[in-house]
Amino acid sequence: MEQMSFMKSIFFGQIKEELMFPYPKLHPDTTETIRMVLDTVSKFANNSFKTNEWDKKGEMPKEIISHLAEMGLLGIGVPEEYGGLGFSQTAYARLMEEISGHDGSVAVTLGAHQSIGFKALMLFGTEEQKKKYLPRLASGQLIACYCLTEPGSGSDAASIKTKATLSSDATHYILNGSKLWITNGGIASFLTVFAKTEVTDGKGEKKEKVTCFMVELPIDGVSVGPKEDKLGIRHTWTNEIHFENVKIPIANVLGGVGHGFKVAMGVLNHGRLGLAAGCMGGAKKCLETSIIHANERVQFQKKIGEFGMIQEKIGRMMTNIYAAESMVYMTTSLIDRKNIDYSIESAITKVFATEVLWECADENVQIWGGAGFMKEYPYERWLRDARINRIFEGTNEILRAFIALSGMQGPGQTLAGLAEAIKYPLKGLGPVSDFVLRKIKRSVVGETITKAHPELHKLTSMIEEYVPEFATQVEVLLRRHGSKIHLRQFAQKRIADIAIDLYAMSCVLSRVTRAIEENGGSVEKCELEIAIARSFFMRSNRRIQGNLKAIDKNDDELIKLIVAKGYELEKYPFDVLG
Ligand SMILES: Cc1cc2nc3c(=O)[nH]c(=O)nc-3n(C[C@H](O)[C@H](O)[C@H](O)COP(=O)(O)OP(=O)(O)OC[C@H]3O[C@@H](n4cnc5c(N)ncnc54)[C@H](O)[C@@H]3O)c2cc1C
């Protein structure tokens, strides 16, 4: 049974601090092993990656993947008994961060293989299925890809049209349909494919539900389209894949017939963290090159780094990277601890980390000025490479809706239970008393954090104060809109953004507490981390206040009016010429 997640509890106004403290730390032996692998990877990347050249051509040699496979990097999280390195999610994330810092396309290729490509097999495969495929996937003999998106189905993954029909002798499925923009599509030989199948529900009614299949190539009926030409991550393989009467043995169903949607979402919840970790590698690189330029470039007889506007950018980059990094490794540790729900935390971390990377890539170009715009330097590429992260593995809009709605689901059900209970008071005594008790605790005792370092008490109380206020606003919105809340995206965005800030603040608080404790309580030794935490909290505080206020006082209706006009006219309607 999974424990309720930290963030789902926050939506109820509860702070499960035992899930956040102490900030996770790897065993020194593990750290040593990771360092050794990082060192080997970095040496290989420095000697062999020709990123600018590959970006220009839009392709990289396949041998690069083979070399990475020889280092074990195609089976980082695969248990050793199946031939992988057997690393934890945390170690995997740290490696993805490193590789991404060298080359975003290489990191995406590795991620498409193991963060999502064969993740369904790892999470939902039977022992027999794992034995059959994992050793070849971990060694790189098979390259994997994840096939969900279709021409008519992107964010709305449940609307896929690819179909798998059971053969008359019930020995195999016949697969027909097309998948779009599949990373590794041009090099993969192990395809995780999602398709609709007919299932009979408990009432004997036939329904179409998503099922997940493993397809090993070569096999008759599969054709792969040409490599797509793209804005960024240009040397990844992105292709269409077509299926025409492809015969898939029933033994290749993953996670059970009709359970494919759960499989697809489970994979993405996991995979998003690899992506978020990759963003950290890119963001740190942007920060470092920004600092170098700020220290070297002279204008108006001063280093540009002495100007306040440049300092503000660099300070903000460093602070946001620290927060995002704290979230990435807190969340990977939740996965490593097992049996803790991490779905909201992983979505929050993906949104925050991808936006931090985008901001860092953009500010780095700005700090480099005209040089940032020139192909002679890699900075414009970093910006191009960064852009995709806000789109794939769940767009940030879809994830914000997911954060808000899946967080509100718990309180929503309690409120519905409450309404039911009021109708049938005796039957509903449980929910009423639970709800009332929680409310009393929230308003009288308040939620407290006892494990944060006392030096950080102002930051601690900020979280303690915002959590009940947030839960109250969640309740207000649920009472106001009921089940129609799923149609209220202006409100969802605000709720999601507050949740993102509260998770970021909690991760930062925990990490800085650990830093102070590890330094024997010395505040001086942790001066930088404390400054980062304070600055981050001040900025979060402003954002949360703004979002809370805007729940009731906003320009939503004006925006709707403006947009409606824009949609009607299909153009900008003004011209100074009259
Ligand atoms: C380089 C690249 C690699 C990819 N690799 C893979 C892969 O390996 N496997 C795979 O299956 N797919 C892959 N994809 C597809 C990717 O996951 C989708 O592009 C993504 O899910 C968005 O779908 P879409 O492009 O159809 O956009 P749409 O779903 O059409 O969305 C368009 C815009 O509308 C917004 N929107 C849509 N619905 C809502 C809503 N309900 N509320 C608010 N806003 C909404 C979106 O956020 C977005 O801003 C890849 C895409 C690219 C570009």
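This is a short selection tour of a predicted model, from its domains to its ligand, one strand and two helices.

**Stop 1: the domains.** Colour the chain by its domain assignment. Domain 1 covers 28-139 and domain 2 covers 144-258. Domain 3 runs over 263-397, and domain 4 over 409-565.

Now keep domain 2 and domain 3 on screen. Their C-alpha centres lie 32 Å apart. Select the contact between them: domain 2 gives 12 residues and domain 3 gives eight. Colour the domain 2 side by class. Nine residues there are nonpolar and three are polar. No charged residues appear on that side.

**Stop 2: the ligand.** Show the ligand and the residues around it. The shell holds 20 residues. Label the closest ones: T149, G154, S155, T395 and E397.

Where does the ligand lie relative to domain 2 and domain 3? Both domains give residues to the shell, so the ligand lies between them.

Next, colour the shell by class. Twelve of its residues are nonpolar, six are polar and two are charged. Then switch to cartoon and pick out three elements: strand 1 (144-147), strand 3 (172-183) and helix 14 (396-423). Each of these supplies at least two residues of the shell.

**Stop 3: strand 1.** Stay on strand 1 and show its side chains. In a regular strand, side chains alternate between the two faces of the sheet. Select A144 and Y146 for one side of strand 1, then C145 and C147 for the other. Are these four residues buried or exposed? All are buried, and both faces of strand 1 are covered.

Add strand 4, residues 190-200. Strand 1 and strand 4 pair in the parallel sense, over four bridges. For one of these links, select Y146 and its bridge partner in strand 4, T192.

**Stop 4: helix 5.** Select residues 89-102. This is helix 5, with 14 residues. Place a distance between its end C-alpha atoms: they are 20 Å apart. At 1.5 Å a residue, the expected span is also 20 Å, so the two agree. Now check its surroundings. Helix 5 is mostly covered, with 13 of its 14 residues buried.

**Stop 5: helix 19.** Select residues 556-569. Helix 19 also has 14 residues, and its end C-alpha atoms are 20 Å apart, which agrees with the 20 Å expected at 1.5 Å a residue. How many of its residues are buried? The number is zero, so helix 19 lies largely in the open.

Finish one step on, at E570. This residue follows helix 19 and has a positive phi, near 55 degrees.

Definitions and conventions:
Residues are numbered from 1 along each chain as its sequence is written. This is a predicted model: local features need pLDDT of at least 70, side-chain atom pairs count only at pLDDT 80 or more; totals for chains, interfaces and linings use all residues. A residue is near a molecule or strand if its C-beta atom, placed from the backbone, lies within 6 Å of it. Ala, Val, Leu, Ile, Met, Phe, Trp, Tyr, Cys and Pro count as nonpolar, Asp, Glu, Lys and Arg as charged, and the others, Gly among them, as polar. Domain bounds come from an automatic or database domain assignment. A residue is buried if 20 or more other C-beta atoms lie within 10 Å of its own, exposed if 12 or fewer, and partly exposed in between; C-beta atoms are placed from the backbone. Two strands pair if DSSP finds at least two bridges between them. The expected span of a helix is 1.5 Å times one less than its number of residues. Two residues are in contact if their C-beta atoms, placed from the backbone, lie within 7 Å.
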